[in-house]
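User: I am new to this structure and would like to understand the terms used for it. Could we go through them one by one, setting each value against its definition?

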Amino acid sequence: MTVVLAVVAVVMAGLAVWFTLEARSTNAVVAHNSALSDVAGTAEAGKQVSAALGTVFSYRYDDPAKSEQAAKDVLTGPALAQYEQLFGQVRKLAAEQKLVVTSTAVASGVKLLDGDRAALLVFLDQTGTRGDGQRSSGAAQLSVTAERVAGKWRVTGMAAA
């Protein structure tokens, strides 16, 4: 019986140590994520990134430079490369179809805010109108990473979520 109690005591002590280490690890992760505690910073990141994506994913066949300039202003690194690849295909079709796409961010959530880095989930509604009057609509859900540079949030990466 004494051996059983000793084994139970050792197992309980081991579990106590393990739970303590896990709690410290979780607290360290939470300490670097101020998305829940920095309400103003979280709101600003969400607002800027949402507005930027709405502008970037809106497109007029007769004014492609506006979208391209917006992309250069708010996208950087891999996100800019993704945009250029995607809109390279759109440019070809947009002129012949007289395509106008309007994108609006309808919701966003900041998953992580760590200083000047953020991870967000952004939902966009998109409406397309062709020159022949045909309309289509759809939605996009993007997982986005962003970095604040000189007070302005710039999208560094994006993927369909």
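Analyst: Let us begin with the sheet, keeping in mind that this is a predicted model. Strand 1 and strand 2 run antiparallel and are joined by two bridges, with Y59 standing opposite V101 in strand 2.

User: What makes strand 1 and strand 2 a pair, given two bridges?

Analyst: Two strands count as paired if at least two bridges are found between them, and strand 1 and strand 2 are joined by two bridges, so the definition is met. Strand 2 and strand 3 also pair in the antiparallel sense, over 13 bridges, and one of the facing positions there is V110, which stands opposite L120 in strand 3.

User: How do strand 3, strand 4 and strand 5 continue the sheet?

Analyst: Strand 3 (residues 117-129) and strand 4 (residues 135-149) pair in the antiparallel sense over 13 bridges; D125 stands opposite A139 in strand 4, and V122 has L142 as its bridge partner in strand 4. Strand 4 and strand 5 are likewise antiparallel, pairing over eight bridges, and V144 stands opposite M158 in strand 5.

User: Why are strand 1 and strand 5 said to stand at the edges?

Analyst: The five strands form an open sheet in the order 1-2-3-4-5, with antiparallel pairing. Strand 1 and strand 5 each have a single partner strand, so one side of each is left without a neighbour in the sheet.

User: Which residues have a positive phi in the hairpins?

Analyst: In the hairpin of strand 2 and strand 3, with two residues between the strands, G115 has a positive phi near 65 degrees. The hairpin of strand 3 and strand 4 has five residues between its strands, and G133 in the turn takes a positive phi of about 90 degrees. In the hairpin of strand 4 and strand 5, which has two residues between the strands, the residue with a positive phi near 55 degrees is A150.

User: What makes the phi of A150 worth a remark?

Analyst: Most residues other than glycine have a negative phi. A150 has a positive value although it is a residue other than glycine, and K98, also not a glycine, has a positive phi of about 50 degrees. K98 lies in the loop between helix 4 and strand 2, whereas A150 lies in the loop between strand 4 and strand 5.

User: Why is A150 called exposed, and why is K98 called partly exposed?

Analyst: A residue is exposed over 50% relative accessible area and buried under 20%, with partly exposed in between. A150 is at 85% and therefore counts as exposed, while K98, at 44%, counts as partly exposed. A160, which is found in strand 5, is at 73% and so counts as exposed; A160 nevertheless touches Q141 and L142, leaving aside residues up to four places away in sequence.

User: How do you know that helix 4 has a span close to the expected one?

Analyst: Helix 4 (residues 78-97) has 20 residues and reaches 29 Å from its first C-alpha to its last, which is close to the 28 Å expected at 1.5 Å a residue. Helix 4 also has a kink of about 30 degrees, centred on V90.

User: Which residues of helix 4 are buried, and what do they pack against?

Analyst: The buried residues of helix 4 are A79, L80, Y83, F87 and A94, and they pack against helix 2 (39-56), strand 1 (59-60), helix 3 (64-74) and strand 5 (152-160). Helix 4 lies across strand 1 and strand 5, at about 70 degrees to strand 5, and helix 2 lies across strand 2, strand 3, strand 4 and strand 5, at about 155 degrees to strand 2.

User: What makes a set of residues a nonpolar core, and which residues have the most contacts inside the largest one?

Analyst: Such a core consists of buried nonpolar residues of listed kinds, joined through side-chain atoms within 4.5 Å. The largest has 31 residues, and those with the most contacts inside it are V49, L53, L75 and M158. The elements giving two or more residues to this core are helix 2, helix 3, helix 4, strand 2, strand 3, strand 4 and strand 5. L75 touches V56, L80, Y83, R154, V155 and M158, not counting residues up to four places away in sequence.

Definitions and conventions. Residues numbered from 1 in each chain as written. Predicted model: local features only at pLDDT ≥ 70, side-chain atom pairs only at ≥ 80, totals over all residues. Heavy atoms only, no water. Helix = DSSP H or I, 4+ residues; strand = E, 2+ residues; numbered from the N terminus. Expected span 1.5 Å × (residues − 1). Bend = angle between axes of the 7 residues up to and from the residue. Buried < 20%, exposed > 50% of the residue type's maximum accessible area, 1.4 Å probe, protein only. Contact = heavy atoms within 4.5 Å. Axes fitted to C-alpha atoms, helices over the stretch in contact; angles between N-to-C directions.
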